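Let's take a walk through this protein together, beginning with its charged pairs and ending with a pair of packed helices. Keep the structure open beside you as you read.

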Amino acid sequence: MFGYDIGISGGVTSMDDFLEEFFPGVYARKHKAKEDNYCKYDNQGLQLFTSSLYLAALVSSFVASKLCTKHGRRLTMQAASVFFLAGVVLNAAARNIAMLIIGRILLGVGVGFANQVCSIYQAVPLFLSEIAPVRIRGALNILFQLDVTIGIFVANIVNYLVSNIHPWGWRLALGLAGVPATMLCLGSFVIAETPTSLIEREQLIEGLAMLKKIRGTGNVDAEHQEILHACEMARQVKQPFRNLMKRSSRPQLVIAIAMQVFQQFTGINAIMFYAPVLFQTIGFKNDASLLSAVITGIVNVLSTVVSVVLVDKVGRRFLLLEACGQMLITQVAIGGLLFVNLRATNELQHGVAIWVVVLVCLFVSSFAWSWGPLGWLIPSETFPLATRTAGYAFAVSSNMVFTFVIAQAFLSMMCHLRAGIFFFFAAWIVVMGLFVIFLLPETKNVPIDEMTEKVWKKHWFWKRFMDEEEEERR
C-alpha cells in the first residue's frame, strides 16, 4: 500500500496526459527543445502532489497513537485502509488540482494511521517485533520493508503498462492503489493481536493463549513473565511522551530520529519518487524512463531479500556501514558523470546514460539491504515498552517530516544545484557513516525487553544516560 504509492507518483507526474490536464506549464516546458534539462519539472504544485501525503501522515499519526495503545494494532490498521481507499477514489476521479491534493491528504491520513503511532509504519513493525522470536526478529521485521519494495516494483510496472493508455492511463495507475489497501483491510480481520498488546490492555488470559499459539508451545512462562513485568512498568508511566524527554530515554530517541533523518538524506526517496522524471532528465524518452524505473524496482526488491537473509547473521552495523561506502561511491560517480556530460540543453550520450542507470541500481541495492529496512527495524526494537509506542511515533514523525521536505524540494534543488544535488547527498552519507561507527550499538540477538541492560548500559557513550534510571530505582 505504501510502497505502491511511492512508486506510482513519480510515474504519473511524468505522464503527458496527467501534466497536460493539471500542470500545463510543466507540460509546455517538458516539450520545449531548449528548456533546461535540470528544470523541466521544477514546479511547487507538482511537488505538492507527491509531498502532501507525508505532511498529512505526520499530523494524523499523533491522533493514531492513542488509538493504537487503547484499541490495539488491528483496529488501527483497519482505520488506515478505509482512509486510504477514500483517497484512492478521489485521486482516480480527480477533475482539478484541489481533488488531487485532498485525495493525497486522505491517503496521508491512511498512511499516518497505518504508519505513525500505530498502523502501518508503526503498528506493523511493532507487531512484527513483538511476535518475532529473537533469533529471527530482524529478518521477520524486514519482510515488512520487502513488501514496501514489492509495492514500488508493482507501481513501476503499472506505470510502464498504462503510460500509452490515453487519456486515462494515469487514473488507472492511481486507482489501482486501492488493491493493496483492500488487502490490508481484509487481512486485518484475519490476523491475531500481539500478546503484548492484549496484556497491555489487561486481556491477560487471551494474551497468554496468543503467546502459546504464536510460539507453538506451552512453555512460555519466562517470556510471559517478562511481558507482564514490562506491561506493569508501562502502566505506571502516565505520560509516555513526557517520559521520552527523560535523560534515560535519550539514547533510543536520538537514534530513532537520526535513523529516519539519515534514511531520507541518502537521497533514496528523491530517486524513488521521481525515478522516471530523473531518467527523462538525462535523455531517456518516456517509455525508456519508465522501463528504467522498473529495472530499479527489481533491484530494490532483490536487494531487500539480501537484508532478510543477512541481518540476523552479520548484524545491523555491518550492513549499514557497507552501504554507506557503496552509496557514497555511487552518488559521487553519478554527480561526476552529470557534471561533466549533462549541460542545460544537450542530451547525454547513450552509453553515459546507461552508466547512470547502472549506478542508480547500485545505489538502490545498497540502500535496500541497509538503511531502508534497518531504518524501521532498529527503532522498533530499541525502546522499552513504557515508551515504545510514543518513541516509535517520534521516529515515524521524523521520517514523514523529512520525506515531505525531500519530496517538496528535490525537483527545485535539482534545478538550482544541478549535478551538485548528488554531492549534497554524498556529504550526508559521510555523516551517517560516522554516526554508525561511534553512536549506534549492535542489537543483533538481543531480546527486545533486555536492551537497557545488554545494550545501553554497556555502550561507551550512551551508558552515561542510564544513571538517571539507576537513581530512580534506588
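**Charged pairs, cores and a helix packing**

Eight salt bridges are found in this structure, which is a predicted model. A good place to start is the pair formed by R104 and D5, whose side chains meet in a salt bridge at 2.8 Å, N to O. This pair links distant parts of the chain: R104 sits in helix α6 (residues 97–115) and D5 in helix α1 (residues 2–13), 99 residues apart. Are these two partners buried or exposed? R104 has a relative accessible area of 1% and D5 one of 2%. Buried means under 20%, so R104 counts as buried, and so does D5.

Now turn to R215 and E223, where the side chains also meet in a salt bridge, with 2.8 Å from N to O. Here R215 has a relative accessible area of 22% and is partly exposed, while E223, at 25%, is partly exposed as well. Another pair to look at is K454 with E450, joined by a salt bridge of 2.8 Å, N to O. K454 is partly exposed, with a relative accessible area of 46%; E450 is partly exposed too, at 22%. Beyond these pairs, you can find a network of salt bridges that links R137, D312, R316 and E381.

Next, the nonpolar interior. The largest nonpolar core holds 115 residues, and the members that touch the most others are F18, I282, L338 and W371. What does W371 contact, leaving aside its neighbours within four places in sequence? The contacts of W371 are M259, F262, Q263, L320, A323, C324, M327, M432 and V436. There is also a second, separate core, made of seven residues, with L211, I227, A230 and C231 among them.

Finally, let's look at how two helices pack. In general, two packed helices are described by the angle between their axes and the distance between the axes. For helix α16 (residues 268–281) and helix α21 (residues 385–417), the axes come within 9 Å and cross at roughly 20 degrees. Angles under 35 degrees count as roughly parallel, and α16 and α21 are therefore roughly parallel to each other. Their crossing is right-handed. On the α16 side, the contact is made by N269, A270, F273, Y274, V277, L278 and T281. On the α21 side, T403, I406, A407, F410, L411 and M414 take part.

How values were computed: Residues are numbered from 1 along each chain as its sequence is written. This is a predicted model: local features need pLDDT of at least 70, side-chain atom pairs count only at pLDDT 80 or more; totals for chains, interfaces and linings use all residues. Side-chain values use heavy atoms; hydrogens and water are left out. A salt bridge is a side-chain nitrogen of Lys or Arg within 4 Å of a carboxyl oxygen of Asp or Glu. Helices (H or I, at least four residues) and strands (E, at least two) are DSSP runs, numbered from the N terminus. Buried means under 20% relative accessible area, exposed over 50%, partly exposed in between (1.4 Å probe, protein chains only). A nonpolar core is a set of buried Ala, Val, Leu, Ile, Met, Phe, Trp, Tyr and Cys residues joined through side-chain atoms within 4.5 Å. Contact means heavy atoms within 4.5 Å. Axes are lines fitted to C-alpha atoms, for helices over the stretch in contact, and angles run from 0 to 180 degrees between N-to-C directions. Angles under 35 degrees count as roughly parallel, over 145 as roughly antiparallel, 65 to 115 as roughly perpendicular and the rest as oblique. A crossing is left-handed if the near helix is turned anticlockwise from the far one by less than a right angle, and right-handed if clockwise.
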